[in-house]
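Thanks, everyone. I will talk through one structure, starting with a helix and moving on to salt bridges.

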Amino acid sequence: MPIRVTVWSENYHEPREPDVRRRYPDGIHGAIAAGLAEHLGERVRVRTAVLEDPEHGLSDKELAETDVLTWWGHMGHEDVADEVVERVRRRVLGGMGLLVLHSGHYSKIFRALMGTTCSLNWRDAGERELVWTVAPGHPIAAGVPHPLVIGEQETYGEPFGIPQPDELVFISSFSGGEVFRSGCCYRRGKGSVFYFSPGDQNYPVYHNPDVRRVLANAVLWAAPARGVGEPLDNAHTPIQW
């Protein structure tokens, strides 16, 4: 069976900002979905959803048909309904994979799963970013050049207010001097979570074939091996061997 992927974006910038619309005529979600289809082909079935969809495109039914959810947000974090966040959180704890992208570090869902501020230092000066692989044997790093070069990108810098990653796959360095933990893996309940920082709306990052490779690898890594069920819960068990 193909991996069922929902590519979610708030889709605020594209309708409002001509430069972003020219860069991403099908939306950021459209570019990410195209990259997954390009690299994974029949191994995935991809749909897109945006904030303005009914229930943000993340109803119980839609999430029940999602194995991996990718999340891009920036301006509309607080516009995401709390009940939808809780719905997604429980789905992740039940085994659904989650890819949190760029400014999604400050989304309600990522903060809820991390339990920390997820704050960071930043500036937007169009600096070069080098994404260095620090776990070359990790499946998300397969086929990714060392370093992955992004000519212009928003700068993120430490300290990054996240828990210690279960696995750190990438760190980034910027021409202005900052370094940043840019590719972080977590296990939450039965689910796998990957945070990947490159992807500001002001730069064509999601058209970069190497960035697309990272996201495709991450979908394969995050897909649940045994499907998605209910989160683990307390259960009374008798004495038994």
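Let me begin with helix α7. It has 14 residues, and at 1.5 Å a residue these should span 20 Å; the end C-alpha atoms are 20 Å apart, which agrees. Please keep in mind that this is a predicted model.

Is α7 enclosed by the rest of the structure or not? It is largely enclosed, because 10 of its 14 residues are buried. Among the buried ones are Val211, Val214, Leu215, Val219 and Trp221, and the list also includes Arg212 and Asn217. At the start of the helix, Asn208 places a side-chain oxygen within 2.8 Å of the backbone nitrogen of Asp210.

One neighbour of α7 is helix α3, residues 27-40. The two helices pack at an angle of about 75°, and their axes are 9 Å apart. The cut-off for roughly perpendicular is 65 to 115 degrees, so α3 and α7 fall in that class. On the α3 side the contact includes Ala31, Ile32, Gly35 and His39, and on the α7 side it includes Pro209, Arg212, Ala216 and Leu220. Of these, Arg212 and Ala216 are also among the buried residues of α7.

Next, a single residue, Ser9, which sits in strand β1. Is Ser9 buried or exposed? Its relative accessibility is 0%, so Ser9 counts as buried. The Ser9 side chain reaches the backbone nitrogen of Asn11 at 3.2 Å. Leaving aside residues up to four places away in sequence, Ser9 touches Glu14, Ile28, His29, Ala49, Val50, Leu51 and Trp72.

Now the salt bridges. How many does a search of the whole structure find? The count is 14. I will go through three of them and then a network.

The first on my list also involves strand β1. Arg4 pairs with Asp67, with 3.0 Å between the closest N and O atoms. Arg4 is in β1, residues 3-9, while Asp67 is in the loop between α4 and β3, so to speak of distant parts of the chain is fair: the two are 63 residues apart. Asp67 counts as buried, at 11% relative accessibility, whereas Arg4, at 24%, counts as partly exposed.

Next come Arg90 and Glu230, whose side chains meet at 3.1 Å, N to O. Arg90 belongs to helix α5, residues 82-93, and Glu230 to the segment after α7, so this pair ties together parts that are 140 residues apart in sequence. How accessible are the partners? Arg90 has 39% relative accessibility and counts as partly exposed; Glu230 has 54% and counts as exposed.

The third pair is Glu178 with Arg123, where the closest N and O atoms are 2.6 Å apart. This pair also links distant parts of the chain: Glu178 lies in the loop between β7 and β8, Arg123 lies in strand β5, residues 121-133, and 55 residues separate them. Both ends are partly exposed, with relative accessible areas of 25% for Glu178 and 29% for Arg123.

Finally, the network. Which residues are joined by salt bridges that share partners? They are Glu55, Asp60 and Arg87, which form one network.

To recap: α7 is largely enclosed by the rest of the structure, α3 and α7 are roughly perpendicular to each other, and the search of the whole structure finds 14 salt bridges. That is all from me.

Notes. Residues numbered from 1 in each chain as written. Predicted model: local features only at pLDDT ≥ 70, side-chain atom pairs only at ≥ 80, totals over all residues. Heavy atoms only, no water. Salt bridge = Lys/Arg side-chain N within 4 Å of Asp/Glu carboxyl O. Helix = DSSP H or I, 4+ residues; strand = E, 2+ residues; numbered from the N terminus. Buried < 20%, exposed > 50% of the residue type's maximum accessible area, 1.4 Å probe, protein only. Expected span 1.5 Å × (residues − 1). Polar contact = N/O pair within 3.5 Å; in protein donor to acceptor, adjacent residues only side chain to side chain. Contact = heavy atoms within 4.5 Å. Axes fitted to C-alpha atoms, helices over the stretch in contact; angles between N-to-C directions. Parallel < 35°, antiparallel > 145°, perpendicular 65-115°, else oblique.
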